[in-house]
Amino acid sequence: MRLVIREYLSMLKESKELDALLADLLFAMGIEPISKAQVGVRQYGVDVAGIGCDPEDGTKKLFLITIKQGDINRRDWDGSGPQAVRPSLDEILEIYIPKHVDEEHRELVKKIVLCGGGDMEQAVEDNWRGYKERHTEPGAREYEFWGADKLATLVEEHFLDEYLFPQSAQKQIRKTIALADQNEEEPHHFYSLLHGTLFERDLPTGGAPGAIRQRQRALRLLNLSLNIVFHWCEEADNLRPALLCAERAVLLSWDWMREFDLLNCETTRGEFERIFSTYIQVLFAYAVKLAPLCIVPDGLSGQWDDELEYPLRTFDSISIFSVLTIAMKRVAATSTSEQDQANIEGNAQSTARILAALINNNPAASTPRFDGHVVDVALGLLALNEVGLHSFAADWVENTCGRILLAYNVGKHFPIYTDSYDDLVAMHVDQGPSKENLMQLSTLLPTLAHWHAVLDMDASYEAFKGSIDGTFSNTTLQLWFPTEDTEEHLYRDNAGFTSGTTQAPIQLPPTLDELRAHIISLYRERREFESLSCFAHGWHIIGLIASRHYRTPVIPAYWQELVNAPLEEE
């Protein structure tokens, strides 16, 4: 495991990665971080500072850590850039200690740590040794180098607590990263790690400081594990396993907090938000990798030679950009910094424009093959609506409705209700069941009808209803709604199979005004969604992540509430 950690450390950047790990490591060592690196703020050589007992001798000390990325060589030692070592050490001595150490900490031994994610090259070791000898003052000031080997040892000793992270969990991480370049199966080893750490370790749930601290360590350990998998997947150039791990980490962490009544514990929720932040990073990295393929005609088709895989992966990509857009809108809305809010809002708008380009450039985006693609369509429409792309969303709805009708008349490439890949293959080679049998049920059609009301598509609704009454007269239209027992399933599995209630058969009313009135009535009557913890605590995005990950139908309340809201001009 130490080799795994060491390799992971070598991948970390100084800013927001290695410094964040250092703060968590100090916490695990019982050293209280008192300052962290801040972008754009002069640090005077100190990236992370903390106070606590030194594991080396048990003495309480003030730790002053300067962080450098990767290996430290002669160029770094006397350089002038951000990697420069000696100028940073001099600033600690000449400015930070005399002017920025609080009075209450002045008598503590100052332990100045040069920290790097790599090694110190032999050519600079004499410089480091000489510097230490000149500036060390016994009982007042001392120096130490924490390179990759030392950091890996500290992480293993202080993070990988046998109670929270036993040998079996370490094996699960190793198995997960060993399969980082494969997509045949989901990362079940990491799923087991999450479930075992959260639900099988008897973590304390009380409000005592010791209990809170133990929960902090558990969630930080999961976040570290997720980051290790993320960076390993980046190295393998395959981010899909990391995305699945990140989604499951968010969902199971939330479910654990919900089950043990910890959603109101500020400290525990703060650690959950760190996991959610890592999830956003993974999702963003995935989107950045896909983006160049989305902005050219048929860009996604070149990634999957199989004609059947192209539309399936296209809808998967739609859901990724959609959830990212909505998630960033949420982060922007909760940010306390106007500058950060503006930057995140800009990223959300850019992501939504790439989503629109993906739909526009890939015809498969308007030809759903499974009824289950209603999840991706609903997520896409919610994202487009969120950023004001109402006209584009309406065009997508109309185009999708037309293509479904055409495909069904032809007898191929329409959305089959079984969501079975075998049935999809059989239909492709003209050996499947009849089209009537393959489209006995549909959640997609009534969902598209509802979006006609959301987007004020009066002109096309009448034609769409006529198509359903004529062509799909033998198809049972249905919608899934959560019930009181859905909370127990939403974050763990497909809640559409294990809970909730289905409205069926649905008869679409003759006019869009009547449909609007019906939707508003449903929204007012079916309020069970309000009892879901993700709604009750203002984390609506969790329900959407659950739909993307487990394929639970998107809860209709997400779009039904928009029927009452007037549309803003684009």
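The following paragraphs go through a sheet, the helices around it and the cysteines of a predicted model.

The sheet is open and has five strands, in the order β1-β2-β3-β4-β5, with mixed pairing. At its edges stand β1 (32-35) and β5. Each of these two has a single partner strand, so one side of each is left without a neighbour in the sheet. Direction ignored, neighbouring strands are turned by 25° against each other on average.

Within the sheet, β3 covers residues 60-68 and pairs with β4 in the parallel sense, over eight bridges. In this pair T66 stands opposite L114 of β4.

Two helices can be placed against these strands. Helix α4 packs on the sheet and touches β1, β2 (48-53), β3, β4 and β5. The direction of α4 makes about 135° with that of β3. Helix α6, made up of residues 148-158, lies across β4 and β5. Relative to β5, α6 runs at about 90°.

Helix α5 can be followed residue by residue. It spans residues 122-135, which is 14 residues. From its first C-alpha to its last, α5 reaches 21 Å, close to the 20 Å expected at 1.5 Å a residue. The buried residues in α5 are V124, W128, G130 and Y131. Seen down the axis of α5, these buried residues fall within an arc of 165°, so they line one face of the helix. The general geometry of helices bears on this: with 3.6 residues a turn, residues three or four places apart in an α-helix point the same way. On the other side of α5, Q122, D126 and E133 are exposed.

What, then, covers the buried residues of α5? The cover includes two helices, α3 (74-78) and α4 (86-100). It also includes two strands, β4 (109-116) and β5 (141-146). Of these, α4 is also the helix that packs on the sheet, and β4 is also the partner of β3.

The cysteines remain. How many disulfides does the structure hold? The number is zero. C534 is in no disulfide, and the nearest cysteine sulfur, that of C265, is 20 Å away. A disulfide needs two cysteine sulfur atoms within 2.5 Å. Is C534 buried or exposed? C534 is buried, with a relative accessible area of 0%. C401 is also buried, with a relative accessible area of 9%. Both values fall in the buried range, which is under 20% relative accessible area.

How values were computed. Residues are numbered from 1 along each chain as its sequence is written. This is a predicted model: local features need pLDDT of at least 70, side-chain atom pairs count only at pLDDT 80 or more; totals for chains, interfaces and linings use all residues. Side-chain values use heavy atoms; hydrogens and water are left out. Helices (H or I, at least four residues) and strands (E, at least two) are DSSP runs, numbered from the N terminus. The expected span of a helix is 1.5 Å times one less than its number of residues. Buried means under 20% relative accessible area, exposed over 50%, partly exposed in between (1.4 Å probe, protein chains only). The arc is that of the directions from the helix axis to the C-beta atoms. Contact means heavy atoms within 4.5 Å. Two strands pair if DSSP finds at least two bridges between them. Axes are lines fitted to C-alpha atoms, for helices over the stretch in contact, and angles run from 0 to 180 degrees between N-to-C directions.
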